[in-house]
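Please walk me through this structure in connected prose, beginning with a single residue and widening out to the helices and the core around it.

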Amino acid sequence: VPHLLALFPLSLSGDIASPDFEENNNLWLLSILERTERNESMGVFYTHILPLIRQCKQACNEQGISKQRREGYLLVEGLLWRCLKAFCRTTDPSVNY
């Protein structure tokens, strides 16, 4: 997964209401991660996914954000959290939950 995320980094840049937002930020990768990855290191989740969840939460709490944009960030946040199960099955004893 780290190699895949290096090639196709996830981000949340640009206008979330834009039709190209998902493609431009490689969010299409989330459904692949959710369906195919198992036993990946929690460190990858903490490094690549959790910062984006925090960014979604922060964007939702901004003053004056439109309902459409808030719903968009909530949707992306949900997609990000759904990837967690791919990382929770690690047998890596060095990972401290």
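**From one buried residue to the core**

In this predicted model, F21 counts as buried because its relative accessibility is 5%, where the limit for that class is under 20%. F21 lies in helix 2, which covers residues 21-24, and its C-alpha atom is separated by 9.7 Å from that of S11, a residue 10 places away along the chain. Once the neighbours within four places in sequence are set aside, F21 is in contact with L12, S13, G14, D15, I16, L27 and V76.

One of these partners, V76, leads on to the largest nonpolar core, which has 27 residues and in which V76, together with L10, I49 and L80, touches the most other members. Two or more residues of this core come from each of helix 3 (28-36), helix 4 (42-60), helix 5 (67-82) and helix 6 (84-87), and helix 4 gives the most, with 10 residues.

The pairing of helix 4 with helix 5 can be followed next. Their axes are 9 Å apart and the packing angle is about 160°, so helix 4 runs roughly antiparallel to helix 5, and the crossing of the two is left-handed. On the helix 4 side the contact includes F45, I49, L52, I53 and C56, while on the helix 5 side R70, Y73, V76, E77 and L80 are among the residues met. The residues of this contact divide into 13 nonpolar, 3 charged and no polar.

L80 shows the arrangement at the level of a single side chain: leaving aside neighbours within four places in sequence, L80 is in contact with F45, I49, L52, I53 and C56, and also with L30.

Conventions: Residues numbered from 1 in each chain as written. Predicted model: local features only at pLDDT ≥ 70, side-chain atom pairs only at ≥ 80, totals over all residues. Heavy atoms only, no water. Core = buried A, V, L, I, M, F, W, Y, C linked by side-chain atoms within 4.5 Å. Buried < 20%, exposed > 50% of the residue type's maximum accessible area, 1.4 Å probe, protein only. Helix = DSSP H or I, 4+ residues; strand = E, 2+ residues; numbered from the N terminus. Contact = heavy atoms within 4.5 Å. Axes fitted to C-alpha atoms, helices over the stretch in contact; angles between N-to-C directions. Parallel < 35°, antiparallel > 145°, perpendicular 65-115°, else oblique. Left-handed = near helix turned anticlockwise from the far one by under 90°. Nonpolar A, V, L, I, M, F, W, Y, C, P; charged D, E, K, R; others polar.
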